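Q: Could we go through this one together, starting with the terms and then moving on to the charged pairs and a helix?

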Amino acid sequence: MAFVQKQQQQRRCKERFSLLMLDLEEYYFDHHTFYHVFTNNKGEERTFKGSLKICSKSLIFEPDQISEPVLKFPFRECSRIEEIQDKDNNPFEENQICGFRITCRQICLIKEQRLVAPYKIERGPKNYVFRIDDISKAEDVVQSLLQLYRASQLDKIADQIAMITAILQSRLARISFDKNRFQNVTERPHMECAAEMVTPLVSNPGHVCITDQNLYFQPLNGYPETVIQVKLHEVRRIYKRRHGLKPLGLEVFCTEDDLCSDIYLKFYNSKNRDELYYYIATFLAPEYMLCLQNGKFDNADRMFNSFAETWKNCLEGATDFKELIPEFYGTNSSFIVNDLKLDLGKRQGGKMVDSVELPPWASGPDDFLQKNRDALESQYVSEHLHEWIDLIFGYKQKGSEAIAAYNVFHPLTYEGGVDWDSIEDPNQKIAMLTQILEFGQTPKQLFTSPHPQRIMPKFQTLSKGCSRSTSVTELPPVSSCEDSSFEDLTEESLKLAWSNIGKLSIVYQQKIHKEAVTGIAVARNGTSVFTTSQDSTLKMFSKEKNMLQRSMSFSNMALSSCLLLEDTTVLCSSWDNNVYFYSVAYGRRQDTLMGHDDAVSKICWYNDHLYTSSWDSTVKVWKCASADLTNSKKNSCELMAELEHDAGVNTINLNPIGTMLVSGSKEGTVSIWDLTTLSILYQVPCHLGTVNDVAFSPDSRHVLSAGEDCCLKVIDVQTGMLISTLPTDQQQRCFCWDGNTVLSGSQSGELLVWDLMAAKITEKIFAHSGAVTCIWMNEHCSSIITGGEDKQIIFWKLQY
C-alpha cells in the first residue's frame, strides 16, 4: 500500500474528498458533476459547481470552491428524494430529468477551507436541490439514488446489507476490466475477478486482473486512480490473510518491509483468492533458476529429482548439504510438482526430469506435506527441538562445541568470516561473493548458551481401564487396575490426578475469618487445617468435626502465610515484620522471630532452614533446628544469609529438593537463586506490577509466575530465558502446577485449569465470591483446599 498512500497524499492537494469520509463497510460507487442550487436570504438563486459522490449509505457533494464545506447526506436521515425536470425544454417534447431534490433531517459539513476538523452537524429538515451537468445521465443517477435510498429505509440491518451487496455485485457484473489499461500490448491475461482493495478503515470495490507481467486493480469508482499496477517481477512476498475472520484476503509486498504492503485485496470467494495466490507464488521461479545457472537449468542428474536419492546423498556424501525450507511444512505442494511442464532435461538413464519423486509412505504431494507437519509437531521432535536450535542458531554453531558436534562449514558461510575491506583483488572479491550468494550462509548466531527444552507433559497417559476414587481427608491413595497396582506418588498416580484436575467438586465450605484468607497448612493425617488471614488470626479447623476448634491472634496486623512443622508447630508470617511460632500441643505462642524491617510476605521451610521474604527488599535464610522448635525452645533460629533485591519481595517458593529459591517482587521481577552458594542465578523482568505467586515445576526445569498484569509467564531455569507468556482476562492470584497443567485461583473467584502446551484454559470452576487468595494441595495431588477474599475455605475432591 506504499505507493497507494503516496498517490492519495498527492490527490489530497487537489480534492478534499477521501474514502475516510465513508461509514464502516460503506462503498463509493461513482461520481458526477452537479450544481448545488439554493436561494440566499435576499431571494437570489445561487449555484455551486462540484462533484457528487454516490455511495452505498450516503450522498457526498464536494464543491469546487474550497470556502464551501463538503456536504454529506446520510440516506438514513433522508425523508424524501425526488427527481426534478427541465421546464425549459420544447413544449412539444417530453420533459427531461435534470436533477433531484433531497429532503434531509441532518447533514454533515466537512473540511471547510480544507481544514481537517470535527464534522459540523446541521439538524432540522431542509430541502436541497442538485442539477446535473450532463443531462443525458440524469435519469440513471436519480434511479441509482432512489434504489440506495430504498435500501436505507428497510427495517432490518441485514436486509439493508443484502440489498446494498446486490447493488454492488450488479454494478461489478456490468463492468469488466478495461484491457486498454495494460501497460504492454503483448501482455496475456491469466484471470480476472471482482474484489476490493483494502486500505486502513476502508474497502474500495473493483476488478482484479493478473497477466503474465502485472497485477492490476481497477476501482469501480476510478478512485484513487483509474488503475493500480503491481509489477510481478518486483513482488517479493505474498501472504494469504483472513479478512473479517474469513479466508478472503491477499497481501502483496514488493519490499521486505512488513509494515507496509503494496496492495491488500479482499476477494468475494476463497477460490479466486487462492488461484491468484498460486499464480503469483509460482510465477518466478524458473527465471530465478536460470539466473542462478547462467541462463540454463542445472544438469538433469544434479537436480532435485527424488527424495530418496537426496536423502542418501546427504547421508553418504561429504559435499551434499540440503536445507529444509519452510515450504516443506506448509500447505502448498506446488514447489515439488512441475505444474508449468518445464523442460528440465533428461537424465543419463533416459528418464525426463519432472515432478519430484515422493517417498513410498506419501500417497501424494499434499499427503507428503501433511505428514511432515505431523512429524514436526510430534512428541519426539518437540522433546529434541532445542538440540536443533543449539546447532543452527545456538552455542553449537561455532567454536569447539561446533567441532565436537560435527557442525562445521566453510568459513565463507559464517557471518563475519570475511574481512571485505582487506581484500584488494577485485577478481578474488567477486569469486568469494559469488560463492557466498550461490552456496548459502549460516544463520546469525542468536544464543551462546544451551537453549531450553520445550515444555512437555512429564507423564504418559494411563490406559482407560484404570479408575480411582479419593476423598479430601484420605491418606496417600492406593489404586488398582485389574490385576496390577502401583505405589503411592508414582508418575502414573500423579498423572491421573492432574489429568482429572478440572473435575473438582465441593465437599465442604466454611466461613471462618473476618477478612481474606492468606495461608493454608494441613496436618499429615488431613484432620486439622490451619489458616491465616488479614484479620490477624491463626485458626485451627477440624475437618472431621466440620467445626472451628481454635483461634489465636498474635498482633493487630495481618498474617500473610503459614506452614506446619511435624504437626506440632505452626509458623505464621505477619505484616508487623515478625514470624510467629505457635505450639499446637500447648495451644499458645511459643516464640517470635523479629526478622525484617517491613512486612513479612511469605515463608518457606526445607531441611531445618526457614526462608522469609519481606517488603523490605530482602529474603532471609535462617538455620532453625526443627527438633528445638517442636520441643518449644525459644530463640533457636540463626540468620545465615540475606538475599538482596531491588524492590519489595511479595512471594517466594523453593524447588522440590531445596537447592533453589525463586522470588517475585512488587516491581514484576522474578529472581532465581542458588541456595547451595547463596548466589543469584537470574533476574528476569517478567511482569508489569506485583508478582502474585511463583513456583518451580516438579522437575525444577521451569518456573511459573502469575502477575498483577494478568499474565502467566514461564521461565527456563537453565538459561533464565522467558519462554512463554499466557495473557489472561484477569489477575491470577495463586496456583499449583505439575509442569504442564496449571490450577490457578483468579481475581473473580474462579478456579481455572490451564494447558500450557495448548496455551489455553480447559476448565473454569466457580469457587469463591471474591478473589481466590491461596491454594493448598497435598503431595499426592488428591486433596485441595482454597481460601478467598470472601473469608471462606473450601474443601475439594477430584471426580475420577
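A: To fix one term first, buried means under 20% relative accessible area, exposed over 50%, and partly exposed in between, with a 1.4 Å probe and protein chains only. This is a predicted model, in which local features need pLDDT of at least 70 and side-chain atom pairs count only at pLDDT 80 or more, while totals for chains, interfaces and linings use all residues. Residues are numbered from 1 along each chain as its sequence is written, and side-chain values use heavy atoms, leaving out hydrogens and water.

Q: Okay, so is arginine 701 buried, exposed or partly exposed?
A: Arginine 701 counts as partly exposed, because its relative accessibility is 28%. Its side chain meets that of aspartate 699 in a salt bridge at 3.5 Å, N to O, where a salt bridge is a side-chain nitrogen of Lys or Arg within 4 Å of a carboxyl oxygen of Asp or Glu.

Q: And how many salt bridges does that rule give?
A: The count comes to 22. One of the pairs is glutamate 251 with arginine 241, at 2.8 Å from N to O; glutamate 251 lies in strand β13 (residues 246-253) and arginine 241 in strand β12 (residues 237-243), strands being DSSP runs of E with at least two residues and helices runs of H or I with at least four, numbered from the N terminus.

Q: Switching to helix α8, which residues there are buried?
A: In α8, Ser382, His386, Ile389 and Asp390 are buried.
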